[in-house]
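I opened this entry to look up the charged side-chain contacts and how much solvent their partners see. My notes follow in the order in which I took them.

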Amino acid sequence: MTSEDYFTYKGILFPKQEIKEEALRYVENEFQVRDDDVFNITYPKSGTNWMSEILGLIRNDGDPSWVRNVPVFERSPWIDTDQGLETALKNPPPRLISCHFPFQLFPKSFLSSKAKVIYTLRNPKDVLVSHYHFSKIFKLWKNFGTLEELLKEFLSGNVPSGSWFDHVKGWLQMKDRDNVFVMTYEELQQDLRGSVKRICHFLGKELNDQQIDSVVENASFQKMKDNKMSNLTIVKEAYIDHKKGKFMRKGISGDWKNHLTVAQSELFDRVYQENMRGVIMTFPWD
Ligand code: A3P
């Protein structure tokens with residue numbers, strides 16, 4: 001892959017093989033959000049598939065049959081891909097929909113709907129490391145030789161879905177709406193059961209203790225790693241080089257400490273502080 005395989009739409013990079021410009025225009029301006037839609041929104045590598053699994057299990061009262069039998073990209077299709085958009089348009093309501101759109105590219109019809117949005121964010125240093133490893137196996141993303149090279153592009157927003165800082169700031173502006181719920185990867189890690197209960201409450205879906213136990217058990221890293229409908233091993237070789245690595249990689253918080261030098265981490269902190277000035281919210285990694 002080279003960066004020529006990307007195109008820019010409204011300042012954001014998209015892989016050419018993943019989506020066409022007219023689809024982006026359609027999603028933004030014409031896609032009809034339904035009141036019963038539930039959106040799983042993230043910056044890439046922040047726990048999108050994990051949240052899809054959790055939402056799929058909650059939807060089925062903890063019964064794992066659906067997540068074990070239907071691929072994640074059909075259960076909760078990504079509307080920022082041509083294929084996912086087609087699937088989302090065909091799926092019967094109530095729909096689960098995933099995407100990595102920055103807020104400014106998200107369907108405008110959302111603003112006048114009651115659709116629910118769960119926005120999951122993750123320590124951007126771990127996002128960077130996860131992106132680095134995923135880019136080695138995901139053929140639609142530029143494969144960076146070194147983390148140092150990716151770091152520069154990441155900090156300047158020259159990667160798919162644009163700047164992490166802009167993405168997070170854009171979505172956090174929506175956080176006080178009743179139909180928007182913000183979650184972090186780290187909270188899921190620290191207290192999955194408590195997080196599942198909070199998500200259920202937001203969705204207006206009250207599960208009993210046994211059903212919650214089943215959601216927690218089936219959304220564990222190991223269960224997802226073993227579930228071929230969730231671990232992306234069924235994705236065609238044209239997209240993922242399965243010989244080179246696994247999507248379900250480590251699934252931990254703080255792996256950046258094993259990858260970033262002190263100088264790289266300090267540079268990251270400086271750029272973070274400049275960009276996040278004015279954001280009145282504390283995050284688990286602060
Ligand atoms: P790592 O590469 O750090 O292991 P996304 O779905 O947004 O692409 O995010 C992928 C990251 O989420 C990967 O992180 C992956 O391992 C992690 N992940 C997926 N399912 C998980 C789970 N059940 N528990 C913890 N982490 C999970």
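**Salt bridges and exposure**

I began with Arg249 and Asp255, whose side chains meet in a salt bridge with an N to O distance of 2.9 Å. Since the model is predicted, I take this distance as a computed value. I then looked up the accessibility of each partner: Arg249 is partly exposed at 26% relative accessibility, whereas Asp255 is buried, with a relative accessible area of 1%. The cut-off matters here, because buried means under 20% relative accessible area.

Next I turned to Arg34, which forms a salt bridge with Asp36, and I noted that their closest N and O atoms are 2.9 Å apart. For this pair I found Arg34 partly exposed with a relative accessible area of 37%, and Asp36 likewise counts as partly exposed, at 31% relative accessibility.

I went on to Arg25 and Glu21, where the side chains meet in a salt bridge at 3.0 Å, N to O. Why are Arg25 and Glu21 separated by about one helical turn? I traced this to helix 1 (residues 21-29), because the two residues lie 4 residues apart in it. Checking their exposure, I noted that Arg25 is partly exposed with a relative accessible area of 40%, and that Glu21 is partly exposed as well, with a relative accessible area of 33%.

Finally I looked beyond these pairs and recorded that Glu237, Asp241, Lys243 and Lys244 are linked in a network of salt bridges. For the whole model, I entered a count of 20 salt bridges, taking a salt bridge as a side-chain nitrogen of Lys or Arg within 4 Å of a carboxyl oxygen of Asp or Glu.

Conventions:
Residues numbered from 1 in each chain as written. Predicted model: local features only at pLDDT ≥ 70, side-chain atom pairs only at ≥ 80, totals over all residues. Heavy atoms only, no water. Buried < 20%, exposed > 50% of the residue type's maximum accessible area, 1.4 Å probe, protein only.
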